[in-house]
Amino acid sequence: GEETILAGDVLYAKVYSDGSCREGNLRGVARAGWGVHFAPNSPHNVSAPLDGPMQTSYRAELKAVLHIVRHTTVPTMIMCDCQAVVNTFTRLIEDSVMPCNIREQDLWDQIATLVQGLSTKEICIQRMPGHLNEPHKAKHRYELLKNGTITQGDIDGNVAADKLADQGADAH
């Protein structure tokens, strides 16, 4: 089933999000997708192409987070490998600081509406270093596993979300 983590007095379900963009440096042909991984073989795992004319990996990352916020019904820890999304989401939840005047305002507005009034005991986000399964990241992976920052389940969940995001981008 789902991976969970006890943080303080809250048992969170861990859900992994990711965004992907093919040909991201070529605005006219860029195509992005997003993925959300709940658990191995979960019927809730999802991948989809990013809608709209603005095709960026950042928008795809946000769309995955928006999907999680829309669909979770239990205390949830979003595991996200995009530091900018983690930072902005954390400020939104902890300090009610809304990002403004950004290209992704439409997505942030939707997320803000859904999390309004929620606390970190209901939904939170944590940075998940990406691509730790790759050979050149073996030392970093070992250090993070050894000090308990992440688990092998976190690596597997991130890899699965990454594959789902790639499938979403390829579905254009």
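1. Let's start with the nonpolar packing in this predicted model. The largest nonpolar core holds 30 residues, and those with the most contacts inside it are I78, V85, F89, W108, I111 and V115. Several elements feed this core with two or more residues each: β3, α1 (57–71), β5, α2, α3 (105–115) and β6 (123–127). The largest share, eight residues, is supplied by α1.

2. If you want one residue to click on in that core, try V85. Leaving out residues up to four places away in sequence, V85 touches Y58, E61, L62, V65, C80, W108 and I125. Apart from this core there is another one, made of 13 residues, with V10, M128, L132 and L144 among them.

3. Helix α1 deserves its own look. Its 15 residues span 21 Å from the first C-alpha to the last, which is close to the 21 Å expected at 1.5 Å a residue. Twelve of those 15 residues are buried, so α1 is largely enclosed by the rest of the structure. The buried set is Y58, R59, A60, E61, L62, K63, A64, V65, L66, H67, I68 and V69. Note that R59, E61, K63 and H67 are on that list too, worth a glance if you plan to look at side chains there.

4. Next, T88, which sits in helix α2 (residues 83–95). Setting aside neighbours within four places in sequence, T88 is in contact with Y58, P99 and W108. Two of these partners came up above: Y58 is one of the buried residues of α1, and W108 is among the residues with the most contacts inside the largest core. As for P99, eleven residues separate it from T88 in sequence, and the C-alpha to C-alpha distance is 7.1 Å.

5. Now the strands, with β2 (residues 10–22) as the reference. Ten of its 13 residues are buried, so β2 is largely enclosed by the rest of the structure. It runs antiparallel to β1 (residues 4–7), joined by four bridges. Within that pair, L6 has L11 in β2 as its bridge partner. The hairpin of β1 and β2 has two residues between the strands, and G8 takes a positive phi there, near 65°.

6. Strand β2 has other partners as well. Seven bridges tie it to β3 (residues 31–37) in an antiparallel arrangement, whereas the five bridges to β5 (residues 76–80) are parallel. Y16 is a handy landmark for both pairings: it stands opposite H37 in β3 and opposite M79 in β5. When you step along these strands, remember that in a regular strand the side chains alternate between the two faces of the sheet.

7. Last, the cysteines. How many disulfides does a search of the whole structure find? Zero. Take C100: its sulfur is 18 Å from the closest cysteine sulfur, that of C82, and a disulfide needs the two sulfurs within 2.5 Å, so this pair is too far apart for a bond. C124 is in no disulfide either, with the nearest cysteine sulfur, in C80, 12 Å away.

8. Are C100 and C124 buried or exposed? C100 is exposed, at a relative accessible area of 53%. C124, on the other hand, counts as buried, with 12% relative accessibility.

Terms used
Residues numbered from 1 in each chain as written. Predicted model: local features only at pLDDT ≥ 70, side-chain atom pairs only at ≥ 80, totals over all residues. Heavy atoms only, no water. Buried < 20%, exposed > 50% of the residue type's maximum accessible area, 1.4 Å probe, protein only. Pairing = 2+ DSSP bridges. Contact = heavy atoms within 4.5 Å. Core = buried A, V, L, I, M, F, W, Y, C linked by side-chain atoms within 4.5 Å. Expected span 1.5 Å × (residues − 1).
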